[in-house]
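Visitor: I have a model open and would like to learn how to read it. Could you walk me through some features, one at a time?

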Amino acid sequence: MAQVEATTERTIAADAETVFDALADYSGTRARLLPEQFSEYEVREGGDGEGTLVHWKLQATSKRVRDCLLEVSEPTDGELVEKDRNSSMVTTWRVTPAGEGRSRVVVTTTWKGAGGIGGFFEKTFAPKGLARIYDAILAKLAADVEK
């Protein structure tokens, strides 16, 4: 099985603390940011960053739905890590200052992909699909915090 990785980034016209706080707000802001590929969103524990346990279903393609149960940690300042209890998927959100009143958000998701020809297609196409989904989230995040 090969490691599959998808990374997306965006510069947002809001300070890093504001952006990070919005991303870490699983009980409020985060639910509003999710595009149509997400369903059954539910905060099961916590709701603000470290210690949060959140559930959702992610429909990456018409045939592929992941049932995700994510544990959230904050290993360093400006970083949220979502580890899926149901798979090898790990998503890391990094928010860093990018000049006066601006921040850079980088989201990276990794997982162990399938082997064989299926794995080849997964490694080729899944990162592009996931990048589109995260672009939509980051656009909504920017619209939310740039008010």
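Visitor: Let me start with a side chain: is Glu-9 buried, partly exposed or exposed?

Guide: This is a predicted model, so what follows is computed from its atoms. Anything under 20% relative accessible area is called buried and anything over 50% exposed, with partly exposed in between. Glu-9 has a relative accessible area of 46%, so Glu-9 is partly exposed.

Visitor: Which residue forms a salt bridge with Glu-9?

Guide: To read a salt bridge, look for a side-chain nitrogen of Lys or Arg within 4 Å of a carboxyl oxygen of Asp or Glu. Here the partner of Glu-9 is Arg-104, and their closest N and O atoms are 3.0 Å apart. Because Glu-9 sits in strand S1 and Arg-104 in strand S7, the pair ties together parts that are 95 residues apart in sequence. Arg-104 is partly exposed as well, with a relative accessible area of 33%.

Visitor: How many salt bridges does that rule give?

Guide: The count comes to seven. Let us take two more. The side chains of Arg-85 and Glu-71 meet at 2.4 Å, N to O. Arg-85 belongs to the loop between S5 and S6 and Glu-71 to strand S4, so this pair ties together parts that are 14 residues apart in sequence. Arg-85 is partly exposed at a relative accessible area of 48%, and Glu-71 is partly exposed at 35%.

Guide: The other one joins the side chains of Arg-94 and Glu-79, with 2.8 Å from N to O. Arg-94 is in strand S6 and Glu-79 in strand S5, so the link spans parts that are 15 residues apart in sequence. Arg-94 counts as partly exposed at 38% relative accessibility, whereas Glu-79 is buried, with a relative accessible area of 10%.

Visitor: Those strand names keep coming up. In what order do the strands form the sheet?

Guide: Follow the pairing from strand to strand until you reach an edge. Seven strands form an open sheet in the order S1-S7-S6-S5-S4-S3-S2, with antiparallel pairing. The edges are strand S1 (3–12) and strand S2 (38–45), each of which pairs on one side only. On average, neighbouring strands of this sheet are turned by 20° against each other, direction ignored.

Visitor: How many bridges do S6 and S7 share?

Guide: Eight bridges hold strand S6 (residues 90–97) and S7 in antiparallel pairing. As an example of residues facing one another, Pro-97 stands opposite Ser-103 in S7.

Visitor: And what packs on the sheet?

Guide: Helix H1 (residues 16–24) does, touching S1, strand S5 (79–84), S6 and S7. The direction of H1 makes about 160° with that of S6. As for helices in general, an α-helix has 3.6 residues a turn, so residues three or four places apart point the same way. In H1, the buried residues are Ala-16, Val-19, Phe-20, Ala-22, Leu-23 and Ala-24. At the start of H1, a side-chain oxygen of Asp-15 comes within 3.2 Å of the backbone nitrogen of Glu-17.

Visitor: Where should I look for hairpins?

Guide: Look for paired strands that follow each other along the chain. S3 and S4 make a hairpin with five residues between them. Strand S3 (residues 53–59) and strand S4 (residues 65–73) are joined by seven bridges and run antiparallel, with Leu-58 standing opposite Arg-66 in S4. S4 and S5 make a hairpin too, again with five residues between them, and Gly-78 in its turn has a positive phi of about 80°. Four bridges join S4 to S5; the bridge partner of Leu-70 in S5 is Asp-84.

Visitor: Let me finish with a single strand residue. What does Thr-108 touch?

Guide: First place the residue: Thr-108 lies in strand S7 (residues 103–112). As a rule, side chains in a regular strand alternate between the two faces of the sheet. Thr-108 is buried, with a relative accessible area of 14%. Leaving out residues up to four places away in sequence, Thr-108 touches Glu-5, Ala-6, Thr-7, Val-90, Thr-91 and Thr-92. With one of these, Thr-7, Thr-108 also makes a side-chain polar contact of 3.2 Å.

Note on methods: Residues are numbered from 1 along each chain as its sequence is written. This is a predicted model: local features need pLDDT of at least 70, side-chain atom pairs count only at pLDDT 80 or more; totals for chains, interfaces and linings use all residues. Side-chain values use heavy atoms; hydrogens and water are left out. Helices (H or I, at least four residues) and strands (E, at least two) are DSSP runs, numbered from the N terminus. Buried means under 20% relative accessible area, exposed over 50%, partly exposed in between (1.4 Å probe, protein chains only). A polar contact is a pair of N or O atoms within 3.5 Å; within protein, one must be able to donate a hydrogen and the other to accept it, and residues adjacent in sequence count only if both atoms are side-chain atoms. Contact means heavy atoms within 4.5 Å. Two strands pair if DSSP finds at least two bridges between them. Axes are lines fitted to C-alpha atoms, for helices over the stretch in contact, and angles run from 0 to 180 degrees between N-to-C directions.
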